[in-house]
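Work through the exercises below with the structure open beside you. Try each task before you read its solution.

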Amino acid sequence: MTRATRPTCPTRTTPARPVDVEQLFPELAPYRREALRLHPRPGAPTARDSSVGGPLLWPAEESWPVCTEEHYEPESPELHEAGVALLPIVQVRRAEAPGVPFPEGTDLLQVLWCPYGHGEYCYPLPRVYWRDSAAVGKVRPTPDPDPGLDADWYPDPCTVHPETVTEYASRDLPWDLQDALRGRIDELEAETGLLYPYHLADAPGIKLGGWPGWTQEPVWPDCEGCGSRMEHLLTVASREFDGESWRTWLPVEDRNPDGGDPDWHLAASAGLCLGDVGGVYVFECRTCPDRPVGHWFDCS
Ligand SMILES: [Zn+2]
Ligand SMILES: [Zn+2]
């Protein structure tokens, strides 16, 4: 008699690139990076799970982090009172995040942000925590978002399906290399309809590592401690894919059997709309011992 096995979490599989990018453009080899796509899908993750917008494994003896910066109602000139509880954005277990450089002694990454508007561009303000999950005993409940808060600025609870993919730089390519490649990229487009930045370069959606999913020109923060350029830790994009990128980046499990347009609800799985369908980019310095964090926000 066979015993029923516990159903495993369905995976998400990005199809192979339809062409061999490095064979066509050998100059891109130094701009190859691995990214971990999280593939958030609406669900009910627990505090022990990797998640987007899910409850965090937060120690009961540690107070919940609050924002004490001056901040505004989203997309409004109204100042909002300080002392707002930060909201969970991403929690990822090390076991599900191959290639992500966890600091020694930690196995849990937690990113939260204050969803009100900060600074000139009214961006949400992220904060990063690395933890040893074994050291967390009693768990503090994750607070609910302010009832009046615009839900576009924080993710709905989602389970995740982490998957490592290979990316190539797009907006981050040096100008002279972009110029050198332009003719061959145009030729490929004419022959195949493939657009390098949308179909071949970097993965859309929420991801760890790889290249930031910029909407505008790159802005890499420098570390205030050592002055060096920070590394990309996390892109939180409003959309998992758009009208072009789905053609090569939509996981096979999510495709229509007839090859037609995808279920567009999947594109907004986490229920985010950051400004005009923008993204928040979180960076860190891996040289300075306390791993300082930087961030940027852009949108259309
Ligand atoms: Zn704030
Ligand atoms: Zn530094």
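Two residues are in contact if their C-beta atoms, placed from the backbone, lie within 7 Å. By that rule, among contacts in the protein between residues at least 6 apart in sequence, 75% join residues at least 24 apart.

This is a predicted model, in which local features need pLDDT of at least 70 and side-chain atom pairs count only at pLDDT 80 or more, while totals for chains, interfaces and linings use all residues. Residues are numbered from 1 along each chain as its sequence is written, and chains are lettered from A and ligands numbered from 1 in the order in which they are written.

**Exercise 1. Confidence and overall form**

Task: Find the average pLDDT of the protein, then check its radius of gyration against the globule rule.

Solution:
- Step 1. pLDDT is the predictor's confidence in each residue, from 0 to 100. The protein averages 95, and 97% of the residues score at least 70.
- Step 2. Look at residues 1–7. Their pLDDT is below 50, and the stretch has 0 contacts in the model beyond near neighbours in sequence. Where pLDDT is low, the predicted coordinates should not be read in detail.
- Step 3. The radius of gyration is taken over C-alpha atoms, and the globule rule is 2.2 Å times the number of residues to the power 0.38. For 300 residues a compact globule would have a value near 19 Å; the protein has 20 Å, which agrees.
- Step 4. The C-alpha trace spans about 65 × 60 × 40 Å along its principal axes.

**Exercise 2. The six-stranded sheet**

Task: In what order do the strands of the open sheet of 6 strands lie?

Solution:
- Step 1. Helices (H or I, at least four residues) and strands (E, at least two) are DSSP runs, numbered from the N terminus. The protein has 4 helices and 16 strands.
- Step 2. Two strands pair if DSSP finds at least two bridges between them. The order is 12-1-13-14-15-16, with antiparallel pairing.
- Step 3. Strand 12 (163–168) and strand 16 (293–298) are the edges, each pairing on one side only.
- Step 4. Follow some pairs. Strand 1 (residues 32–37) meets strand 12 over 6 antiparallel bridges. Here Ala 35 has Val 165 as its bridge partner. Strand 14 and strand 15 also pair antiparallel over 6 bridges, with Glu 231 partnered by Glu 284 in strand 15. Another 6 bridges join strand 15 to strand 16.

**Exercise 3. Strand 15 and the core**

Task: Why is strand 15 described as largely enclosed?

Solution:
- Step 1. A residue is buried if 20 or more other C-beta atoms lie within 10 Å of its own, exposed if 12 or fewer, and partly exposed in between; C-beta atoms are placed from the backbone. Strand 15 is largely enclosed by the rest of the structure because 6 of its 6 residues are buried.
- Step 2. Check both faces. One carries Gly 279, Tyr 281 and Phe 283, the other Val 280, Val 282 and Glu 284, all buried.
- Step 3. A nonpolar core is a set of buried Ala, Val, Leu, Ile, Met, Phe, Trp, Tyr and Cys residues joined through C-beta atoms within 7 Å. The largest one has 50 residues, and Val 111 and Val 282 have the most contacts inside it.
- Step 4. Strand 9 (108–118) is among the elements that give two or more residues to this core. Its share of 7 residues is the largest.
- Step 5. Val 282 has His 295 as its bridge partner in strand 16. Its contacts beyond four places in sequence include Val 111, Pro 126 and Leu 233.

**Exercise 4. Strand 9 and its partners**

Task: Which residues stand opposite Leu 112 on its two sides?

Solution:
- Step 1. Strand 9 pairs antiparallel with strand 8 over 6 bridges and with strand 10 over 8 bridges.
- Step 2. Pro 88 stands opposite Leu 112. In strand 10, the partner of Leu 112 is Arg 127.
- Step 3. Strand 9 and strand 10 form a hairpin with 4 residues between them, and Gly 119 in the turn has a positive phi of about 70 degrees.
- Step 4. Count the cover: 9 of the 11 residues of strand 9 are buried.

**Exercise 5. A residue in a loop**

Task: Is Asp 202 buried or exposed?

Solution:
- Step 1. Asp 202 sits in the loop between helix 3 (196–201) and strand 13 (207–209).
- Step 2. Asp 202 counts as buried because it has 26 C-beta neighbours inside 10 Å.
- Step 3. Not counting residues up to four places away in sequence, Asp 202 touches residues including Glu 167, Tyr 168 and Trp 211.
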